[in-house]
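Reader: I'd like to practise reading a structure by its features. Could you walk me through one?

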Amino acid sequence: MNQSLRPFIVARAEACIGCRACELACGAAHVPAGATVGSLGGPVVPRLYLVREGALCLPVACRHCEAAPCAAVCPTAAIHCDASGVVVVTGRCIGCKTCLAACPVGAMALAEVVENGRPVMHRIVDAGAPEGYLETPALLASKCDLCRERPAGPACVAACPTGALECVEPARLRQDRLRAAALALAGAPSRDDRGAAS
């Protein structure tokens, strides 16, 4: 197994209570430093989305695909992959929505993006406007970035009151599952069983 596979957020449906703490924490983690409710230049937009379907509720976030379809179809190279995940460079994004169509889990969104405390603007041709165009807040590609700027890691994981969310390192996950399978095959108690017994 490739040891450099990118991490991603995984959610356990059996533990999710649908409280939306993950969405709030995500949105708050991506507002400019020092911003207050009165000084925000735009809406607080989460980068993962709670989905409800009947009795099921579960947050969905970017999986940071190894062969990311969103990056493959981006016509301006605004989306690319590095060792830590799939990255959106908003300065290159033109809001064409191709990434939305390509994302297999629906994690990509278009949202108002704030840079340096102000919304990123774009021009719309309007013959009735004095200069022939209007400037409006741009809707640009937006998705989970695993809270790259947050030293403590993803805010959604820290905020979840039931521990339903986890930032998974694929190589570690595989090692844990291999160990559990080996113990089960040998008839030995699993790590959880041993922990419960102590």
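Reader: Where does cysteine 26 lie?

Author: Happy to start there. Helices are DSSP runs of H or I with at least four residues, strands are runs of E with at least two, and both are numbered from the N terminus. Here, cysteine 26 belongs to helix α1, residues 21–29. This is a predicted model, in which local features need pLDDT of at least 70, side-chain atom pairs count only at pLDDT 80 or more, and totals for chains, interfaces and linings use all residues. Residues are numbered from 1 along each chain as its sequence is written, and side-chain values use heavy atoms, leaving out hydrogens and water.

Reader: Is cysteine 26 buried or exposed?

Author: Buried means under 20% relative accessible area, exposed over 50%, and partly exposed in between, with a 1.4 Å probe and protein chains only. Cysteine 26 has a relative accessible area of 7%, so it is buried.

Reader: And which residues does cysteine 26 touch?

Author: A contact means heavy atoms within 4.5 Å. Leaving aside residues up to four places away in sequence, cysteine 26 touches Pro46, Arg47 and Leu48. Arginine 47 is 21 residues from cysteine 26 in sequence, yet their C-alpha atoms are 6.3 Å apart.

Reader: How do the side chains along strand β6 point?

Author: They alternate along residues 109–112: Ala109 and Ala111 point to one face and are buried, whereas Leu110 and Glu112 point to the other and are not.

Reader: Which strand is joined to β6?

Author: Two strands pair if DSSP finds at least two bridges between them. For β6, 4 bridges lead to β11 (residues 139–142), and the two run antiparallel. Alanine 111 has leucine 140 of β11 as its bridge partner.
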